[in-house]
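Please read the following report alongside the sequence and the three-dimensional view. It takes up a few local features in turn.

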Amino acid sequence: MIWFFVFAYLPMGGIVIAFQDFKAVKGIAGSKFVGLKNFQFFFRSDDWVKIVTNTLFLNVLFIVFGTIAAVAIAIMVTELGGKWFKKVTQSVMIFPHFISWTVVAMFMTAFVATDGGFLNQMLGLFGVKPVNFLSSPNTGRRFWSC
């Protein structure tokens, strides 16, 4: 029951944000309650039908193609020969679901940081100036173009 409360009921407290002029600095308790004002703003815009249609369409696509891809991968892994290889393959495919995207972003930032990131340190060994990979739009074209 504790698990159900923590993961099913407790997160519903965040729904109140939809009815507030939410400011992250003030938090949920400190933000001003505005009632249905946010919904009025959304439904009075000209694009609300397009936004809702795109959201529903993309969700259907993700569900359909995600299911097809999951079943196809499951069948392919089942047909693999060795038991050891099959178990390693399954573990490698499932492992990313246990890592927070926040942790991935932190590792990525540390890897490509302008001041002291691993990649920029390696480039520095070859005399290349540090590159801000996360904010430079032409980085990929400059370094990896053929």
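## Aromatic pairs, a buried serine and a helix contact

Across the whole structure, which is a predicted model, a search finds 6 aromatic pairs. One of these joins W3 and F7, whose ring centres are 5.4 Å apart and whose planes stand at 40 degrees, so the pair counts as tilted. Both residues belong to helix α1 (residues 2–9), where a spacing of 4 residues corresponds to about one turn of the helix, and both W3 and F7 are exposed. Elsewhere, F42, F43 and W48 are linked by ring pairs into a cluster.

A residue of another kind is S31, which sits in the loop between α2 (27–30) and β2 (32–33). Its relative accessibility is 8%, and because buried means under 20%, S31 counts as buried. Leaving aside neighbours within four places in sequence, the residues in contact with S31 are Q20, D21, F22, K23 and K26. The side chain of S31 also takes part in the polar contacts listed here.

| Side chain | Partner atom | Distance |
|---|---|---|
| S31 | backbone nitrogen of K23 | 3.0 Å |
| S31 | backbone oxygen of G27 | 2.7 Å |

Further along the chain, the axes of helix α6 (residues 101–112) and helix α7 (residues 118–125) come within 4 Å and cross at roughly 15 degrees. With angles under 35 degrees counting as roughly parallel, α6 and α7 are therefore roughly parallel to each other. On the α6 side, A110, F111 and V112 meet F118, L119 and N120 of α7, and by class this contact has 5 nonpolar residues, 1 polar residue and no charged residues.

Key. Residues numbered from 1 in each chain as written. Predicted model: local features only at pLDDT ≥ 70, side-chain atom pairs only at ≥ 80, totals over all residues. Heavy atoms only, no water. Axes fitted to C-alpha atoms, helices over the stretch in contact; angles between N-to-C directions. Helix = DSSP H or I, 4+ residues; strand = E, 2+ residues; numbered from the N terminus. Parallel < 35°, antiparallel > 145°, perpendicular 65-115°, else oblique. Contact = heavy atoms within 4.5 Å. Nonpolar A, V, L, I, M, F, W, Y, C, P; charged D, E, K, R; others polar. Phe/Tyr/Trp six-rings, centres within 6.5 Å; stacked < 30°, edge-to-face > 60°. Buried < 20%, exposed > 50% of the residue type's maximum accessible area, 1.4 Å probe, protein only. Polar contact = N/O pair within 3.5 Å; in protein donor to acceptor, adjacent residues only side chain to side chain.
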